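Good morning, everyone. Please take a moment with the sequence and the structure before I start.

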Amino acid sequence: MLRGKNIILGVTGSIAAYKAACLVRAFVKKGAKVQVVMTPAGKEFITPLTLATLSSNPVISEFFSNRDGTWNSHVDLGLWADVMLIAPASASTVGKMANGIADNMLVTTYLSCKAPVFVAPAMDLDMYAHPSTQQNLNKLRSYGNHIIEPETGFLASGLEGKGRMSEPDDIVKVLENFFSSRKELQKKKILITAGPTYEKIDPVRFIGNYSSGKMGFALAEACAGRGAEVTLVSGPVSLKTTHPSIERVDVESAEEMYHAAVRIFPSCDVAVLCAAVADYRPERQAPEKIKRERSEAMSVSLVRNKDIAATLGKDKRTNQTLVGFALETKNELTNAKEKLQRKNFDVIVLNSLSDEGAGFGYDTNKVTLIDKYGRETALPLQSKTEVAEKIIDYLVDACPQMQPVEVT
Ligand code: CTP
């Protein structure tokens, strides 16, 4: 996807600048041409020589490279690029970009750039959380720039929190998805539910399940990569999304997931319900931590949660497609077909726990797709990313709501 693409990589003054070397290397390996533009502060963190060597291109950081009157044209550079990526983007550069403070080569290039712009912020947690930074990032979003959210983790300051630049591999994936030529889902709105739900017993305990959310997240990335606008309603998971066309709605309980899904579904063409929703929740949540000393044994009375799938199946319009998942431990096909009918799915994806390497927690999965006419399509064991692509291929072929629309 990146072969032959011209990429401007803006590098600013952040400790994460060392990761720019990995980015340049990955882009070059994928066949892209890279022009690095650095701010003066960026050069304090990684040498231009390293990035020039890796990109086989002199690094630009000054308006005037020589004292002979020749100068670096930010306008030409802006026109040359297929994409501009600023990684790492410091708070200062984000602020300058948001407010048009063109006092260095990077920001002038940004202002001249007609290509899509991606920004991967990297800074300390308090700087990132500051309203000024957030306002600047929102301004960049409003200009149509794509923000690659930083991660939560260990920071150079020794503190832990949100502000760590997204890993180079993930940033590369974001650009690859962006340039993916398969845009057959453009103009489609897709709702995906993913992950487990947690049902609170008391402030520190819950009933949950082993779902990792990997399958749902892979589906969200696959749909967004093909041009869809995706809303991903996710239970508690430790995964992150990379594609800018995925809007993420984080929920905890089945009740919260139900309300989010019911609100979002009417505006969608397709819903794929991948979440492992708890069927029951404690009837009462103890307001304080339940103490061990109080009794020898305890029981928790459970009440049934609403069935999100059945509700959406009942409300489904004829121009909407509903796809469910089933995880069965016995009578798999019979149970899955019964579920498909009961919940009014158009297609159900059957996971089998009996297959080695498939199901909760694994990076691989083996599924069988069953449509409302009872037709079965078995897919081989493969990575969840590949399974997601195959499921989308199948849905694009089989479901009218997934057929490409003419984009003018
Ligand atoms: N599902 C849902 N809301 C629920 C329960 C399930 O949306 N409260 C969805 C799941 O996301 C999945 C499908 O329904 O797409 C089947 O989930 P599963 O747990 O297998 O079905 P249940 O109806 O809970 O059946 P059982 O637990 O009896 O197998």
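I will go through the pocket and then the ligand.

This is a predicted model, in which local features need pLDDT of at least 70 and side-chain atom pairs count only at pLDDT 80 or more, while totals for chains, interfaces and linings use all residues. Residues are numbered from 1 along each chain as its sequence is written, and side-chain values use heavy atoms, with hydrogens and water left out.

Let me begin with the space itself, the largest pocket (a pocket being, on a 1 Å grid over the protein atoms alone, an open set of points where a 1.4 Å probe fits, with protein on both sides within 12 Å along at least five of seven lines). Its lining, meaning residues with an atom within 4 Å of a point, comes to 35 residues, and Ala275, Ala276, Val277, Phe325 and Leu327 lie nearest the centre.

Where does the ligand sit? The space that the ligand takes is this largest pocket, where sitting in a pocket requires more than half of the molecule's atoms to lie within 2 Å of its grid points.

Around the ligand there are 15 residues, counted as near if a heavy atom lies within 4 Å, and Leu273, Ala275, Phe325, Lys339 and Lys343 come nearest. Looking at oxygen atoms of the ligand, one is 2.7 Å from a polar backbone atom of alanine 275, one lies 2.9 Å from a backbone N or O atom of phenylalanine 325, and one is 2.6 Å from a side-chain N or O atom of lysine 339.

Conventions
Polar contact = N/O pair within 3.5 Å; in protein donor to acceptor, adjacent residues only side chain to side chain.
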